[in-house]
Every structure is written in C-alpha cells, then in structure tokens.
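Hi,

Here is the structure I said I would pass on to you. Have a look at it first, and then read my notes below.

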Amino acid sequence: MPSVRVVLIEDHHLVREGLRLVLDVAPGLEVVGEAAGRDEAFRMLEQARADVVLLDLGLGDVVGFDVLRAIRARHPGVRVVVLTMHRDPETVRQALQAGAAGYVVKGAHARELIDAIHAVMRGERYLHSSITGTVIDDSLRRLANGGALTGREREILRLLTIGMSAPEVARRLAISVHTVHRHTANISDKLGVRGLVPLVRYAMEHGIAGEAG
C-alpha cells in the first residue's frame with residue numbers, strides 16, 4: 001500500500017523539523033515537501049502530488065484561511081489538516097468552512113497528529129480531542145439562539161435564504177435597506193455566524209429560517 005504523501009506548510013523552521021522527525025518514523029507516511037510561506041507552498045503543491053497538507057494558520061502576515069481556501073480550490077483532492085495554537089470555536093468554525101478536513105492543536109501528542117492524517121485520508125473529519133467539547137457546546141448554543149430570533153428576523157432570514165438581496169428584502173417588507181442590514185447583523189450576533197453566505201448556509205442546514213411568523 002503506497003504511503004500517504006504529506007506536505008508541511010509552517011513558517012517556523014524548528015517546528016517543521018519537529019514535524020518531519022515525527023512523521024518520518026510513522027509507518028505509512030512520507031513527507032514529500034516543506035514550505036514556509038504561501039507562494040512557496042503553492043509552488044510545492046504543483047510539484048509534490050501531495051495527499052495531505054499540514055497547514056499552520058499563522059503564516060506571518062498571510063491569512064491562513066485564504067491559503068486554505070486557495071489550496072482547496074486549486075487542489076480539491078488534497079486533504080488539509082490545520083495545525084494551530086488556536087482553540088476557540090470561531091477559529092475552528094472558520095477553518096472547517098474554508099475546507100479543512102482536520103483540526104489539530106499545537107502541543108498535541110504525535111499519535112493524534114498521525115491519527116488525524118489517517119482519518120482524513122479515510123474521508124473522515126478529525127477534530128483534536130481538546131476542542132471537541134467546546135465545538136459541540138458552541139453549536140448547541142447557536143442552535144438555541146436560533147429560537148431567540150424575532151419574527152421579523154426570521155422573515156428577513158427566510159427571504160435571504162431564497163436568494164433575495166438586501167434591497168429586494170427591503171422592498172418586499174417596506175423597510176429601509178439600513179434596517180435590513182441592522183436585522184441581519186443582529187441575526188449574525190445571535191447565531192454566531194459571520195458573513196451573509198455562511199449565515200444563509202447555516203440557516204438552511206439547520207432549518208432556522210422556517211416559514212414567516
């Protein structure tokens with residue numbers, strides 16, 4: 001059975017060296033490339049035929065989520081495991097929305113990192129054990145907050161989910177565009193979801209908008 005080909009994208013040399021030492025002795029894994037930044041990473045991925053990328057979200061001034069989205073767009077067959085120090089649910093949520101298949105916190109045991117790589121290769125999602133409970137609690141909180149939306153907020157969210165723009169919603173409800181934006185901001189605060197597209201997707205997936213009240 002061929003080894004899983006892994007590329008490391010991490011801007012700290014010592015961290016990359018440590019990751020390579022861990023992975024080089026793991027059966028079934030092969031580190032086929034390293035990169036310290038975005039442009040170098042893209043060049044490496046054009047050559048390395050990677051199966052899995054280990055991606056640090058903190059690449060100097062580069063936004064890690066943008067790099068993650070670009071990798072998924074250019075190389076859709078490559079699984080990305082985020083390796084980061086951040087444990088907050090918002091960062092986890094953004095990483096998963098950007099296309100991460102796995103999320104491992106720096107300081108994890110080597111066994112967890114290896115398990116994450118094998119899990120994503122099986123098509124599974126992998127979350128580091130230290131953040132699983134936090135993510136579940138955050139999801140339950142946001143679902144509960146969906147019940148706290150007012151009738152007007154639900155109506156606006158319903159219209160947004162069927163593809164209406166803010167001006168179209170304003171005309172339909174005979175309110176100002178500013179009012180639509182204010183209600184949308186309130187909905188985002190209650191659900192903990194930022195950005196119109198993620199908000200609409202979340203509402204549709206969880207049936208929060210429902211019918212107009």
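Let me start with one residue: His181 is partly exposed, because its relative accessible area of 47% falls between the 20% cut-off for buried and the 50% cut-off for exposed. Keep in mind that this is a predicted model. His181 sits in helix H9, which covers residues 177–191. Its C-alpha is 9.5 Å from that of Ala170, and the two residues are 11 apart in sequence.

Now the sheet. It is open and has six strands, in the order E2-E1-E3-E6-E7-E8, with parallel pairing. Strand E2 (29–35) and strand E8 (126–127) are the edges, each pairing on one side only. Further in, E3 and E6 pair in parallel over five bridges, and Val53 stands opposite Val80 in E6.

Helices pack here too. H2 lies across E1, E2 and E3, at about 140° to E2. H4 touches E6, E7 and E8, and its direction makes about 145° with that of E7.

What about the nonpolar cores? The largest one has 28 residues, and Val7, Ile9, Val53, Leu55 and Ile71 have the most contacts inside it. Among the elements giving it two or more residues are strand E1 (4–9), helix H2 (38–48) and strand E3 (52–56). Another core, of 21 residues, lies apart from it and includes Val6, Leu23, Val104 and Tyr126.

Val53 is a good place to zoom in: beyond its neighbours within four places in sequence, its contacts include Val7, Ile9, Leu45, Ile71 and Val81.

Cheers

Notes: Residues numbered from 1 in each chain as written. Predicted model: local features only at pLDDT ≥ 70, side-chain atom pairs only at ≥ 80, totals over all residues. Heavy atoms only, no water. Helix = DSSP H or I, 4+ residues; strand = E, 2+ residues; numbered from the N terminus. Buried < 20%, exposed > 50% of the residue type's maximum accessible area, 1.4 Å probe, protein only. Core = buried A, V, L, I, M, F, W, Y, C linked by side-chain atoms within 4.5 Å. Contact = heavy atoms within 4.5 Å. Pairing = 2+ DSSP bridges. Axes fitted to C-alpha atoms, helices over the stretch in contact; angles between N-to-C directions.
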